[in-house]
Amino acid sequence: MTIFNFDAFVNYLFNSFLLGGVGVTIGLTVAAVIGGLCLGMIIALMRMSGKPLLAFPARFYIWFFRGTPLLIQLVVIYAGLPLFGVKLSVLQSALLGLILNEASYMAEIVRTGFLAVPKGQTEAGWSLNLSRRTIFWRVTLPQAFRLMVPPLGNSINGLLKATSLASVISVEEIMRRSDLLMQEQFQVLEVYAAATIYYLILTSLWDLVQARLERRFGRSVNATTASTTSLSFLRR
Amino acid sequence: MTNSTVPAVKLAGVMKRFGNFAALSDVNLDIAAGEKVVICGPSGSGKSTLIRCINHIEQHDGGEISVNGIRLDRSAASVAKVRSVTGMVFQNFNLFPHMTVLENCTLAPRSTLKLSRAKAEAQAMELLSKVRIGDQARKYPGQLSGGQQQRAAIARSLCMQPKIMLFDEPTSALDPEMVKEVLETMKALAGEGMTMICVTHEMGFAREVADRVVFMDRGSIMEQGRPDAFFSNPHTDRARQFLSQIIH
Ligand SMILES: Nc1ncnc2c1ncn2[C@@H]1O[C@H](COP(=O)(O)OP(=O)(O)OP(=O)(O)O)[C@@H](O)[C@H]1O
Ligand SMILES: [Mg+2]
């Protein structure tokens, strides 16, 4: 009984129910990244605006969502919002929670990226009579983005795994489906070993994408920023 | 439509404060079209602040600044008009590191002046060749030497066809062997009749090119005059002291 059943493990590895969970995990991650990045960008711009009416809510937002567990945020959104007449599906609740939470981290990444672009870049833009829009889109944003890629990559890696928390409100992603399968045969290790492999594959694939992005956006800079991906243990 | 009686730059009673600190106090300066003015003075005397107020990178707190007859009145329109006739070269070049030299030179003409890509590139190549780095156009700033970067920055400014060029210690960040090539570029520009206001401690350049040297200390213009007169016979103790420190 206590021996690891390798055949069962292999079966779970190719279990279509579990594989379906991979799709849900990827979907949650992609949606939370896009939503979180957009919202995070807005919050960062609010915080950097220099206008207290905008900056204060942004600071509060970041303080709140970075200061509380995602698990609680998800449960409160799922169980608490109906009290205010907002009824969201399980998937909608999970997405909302992940986006709101991720945005608080993205906002800080975006803000530090912009702060790291030297002031002289904006001044050069002014001296060339560039519009504020052009300075933002063509001068500061691309340089800030380059600095944001490594921390954004790490954040997305964390998000891939954080989506497993959505299982507590019964979103059927990898973790939840593992739980369900586990309850059929109680092959705890075998099921979770398969889930582990899935997560490793996903984070490793993301590492490859991140490394490419870092190369692409580091192109014109001579600074040699060390790669931060976890796969870097393979390289010397 | 600049008639000769409209000064290229006119500062009247200009004040600039950073907090309680007066970086400029009651600065008066008239610069004629085509004139070459060198500004010098000890560190912290307000030289950078002065020329940065001229194109509204810093906003002055009092007095009046007019450029080519356009008064800087805090309106976005006046700022844009003034910037359309001024170019600026910075100590640290401030090239855009994520763009090639050519892209650096075409961004503003394309986005602000709405030049076509072909026109903007042709103009950029012409000016890059003029500052003798036409062959570096496709490189990124990080791949160029300091002297080449500063010449690229000068070409980038010229692509906006300014009437007045502002230089803030353009050679201070350069290794000695590269100072000359940048100064040569600036001399060539001076020879074409460009109005130039240049913060520099390159006294050789000042003697050769400047019509006037302006000496600043503690936020005020202490004295000004023709370079030969200023260097050989400064009126103020401050200027004497300053000159004895920079001429070894
Ligand atoms: N953004 C700022 N905030 C506060 N103080 C400033 C700021 N910019 C300049 N100052 C102060 O104003 C004074 C004049 O500065 P400025 O840069 O114009 O001097 P400078 O003559 O160009 O000196 P340097 O030769 O060192 O470049 C200095 O005392 C400086 O500390
Ligand atoms: Mg200075």
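The following paragraphs lead through a predicted model, taking chain A, chain B and ligand 1 in turn.

Chain A contains nine helices and zero strands. Read along the sequence, its pattern is accordingly a run of helices, α-α-α-α-α-α-α-α-α. Taken along the principal axes, the C-alpha atoms of chain A fill a box of roughly 75 × 55 × 25 Å. Of the 236 residues of this chain, 44% count as buried. Chain A exposes about 12,900 Å², and carbon and sulfur atoms supply 68% of that area. Among the contacts in chain A with a separation of 6 or more, 74% are accounted for by residues 24 or more positions apart.

Chain B has nine helices and 10 strands. The C-alpha trace of chain B spans about 55 × 45 × 35 Å along its principal axes. A compact globule of 248 residues would have a radius of gyration near 18 Å, and the value for chain B, 18 Å, agrees with this. In chain B, 55% of the 248 residues count as buried. The accessible surface of chain B amounts to about 10,800 Å², with 48% belonging to carbon and sulfur atoms. Residues 24 or more positions apart make up 65% of the chain B contacts that have a separation of 6 or more.

One element of chain A merits separate attention: helix α6, residues 119-127. Seven of its nine residues are buried, so this helix of chain A is largely enclosed by the rest of the structure. The buried residues of α6(A) are A:Gly120, A:Gln121, A:Thr122, A:Glu123, A:Ala124, A:Gly125 and A:Ser127. Which elements do the buried residues of α6(A) pack against? Within chain A, the partner is α7 (132-162). From chain B, the partners are α1, α2 (76-85), β6 (86-89) and α5 (146-158). After α6(A) comes A:Asn129, which has a positive phi, near 65°.

Helix α1 of chain B, one of those partners, also leads to the ligand. Ligand 1 is surrounded by B:Phe18, B:Phe21, B:Ala23, B:Pro42, B:Ser43, B:Gly44, B:Ser45, B:Gly46, B:Lys47, B:Ser48, B:Thr49 and B:Glu169. By class, this shell has four nonpolar, six polar and two charged residues. Several polar pairs can be located on the structure. A polar side-chain atom of B:Thr49 lies 2.5 Å from an oxygen atom of ligand 1, and a polar side-chain atom of B:Ser43 lies 2.6 Å from an oxygen atom of the ligand. B:Gly44 contributes through its backbone, where an N or O atom lies 2.8 Å from an oxygen atom of ligand 1. On its own, ligand 1 has 630 Å² of accessible area, of which the protein covers 59%. The elements giving two or more residues to the shell are β2 (21-31) and α1 (47-54) of chain B. Of the elements around ligand 1, α1(B) gives the most, with three residues.

A last stop is B:Ile246, located in helix α9 (residues 237-246) of chain B. Is B:Ile246 buried or partly exposed? Its relative accessibility is 23%, and because burial requires a value under 20%, B:Ile246 counts as partly exposed. In sequence, B:Ile246 and B:Ile39 are 207 residues apart, while in space their C-alpha atoms are 14 Å apart.

Terms used: Residues are numbered from 1 along each chain as its sequence is written. Chains are lettered from A and ligands numbered from 1 in the order in which they are written. This is a predicted model: local features need pLDDT of at least 70, side-chain atom pairs count only at pLDDT 80 or more; totals for chains, interfaces and linings use all residues. Side-chain values use heavy atoms; hydrogens and water are left out. A residue is near a molecule or strand if one of its heavy atoms lies within 4 Å of it. A polar contact is a pair of N or O atoms within 3.5 Å; within protein, one must be able to donate a hydrogen and the other to accept it, and residues adjacent in sequence count only if both atoms are side-chain atoms. Accessible areas come from the Shrake-Rupley method with a 1.4 Å probe; for residues, only the protein chains shown count as cover. Helices (H or I, at least four residues) and strands (E, at least two) are DSSP runs, numbered from the N terminus. Ala, Val, Leu, Ile, Met, Phe, Trp, Tyr, Cys and Pro count as nonpolar, Asp, Glu, Lys and Arg as charged, and the others, Gly among them, as polar. The radius of gyration is taken over C-alpha atoms; the globule rule is 2.2 Å times the number of residues to the power 0.38. Buried means under 20% relative accessible area, exposed over 50%, partly exposed in between (1.4 Å probe, protein chains only). Contact means heavy atoms within 4.5 Å.
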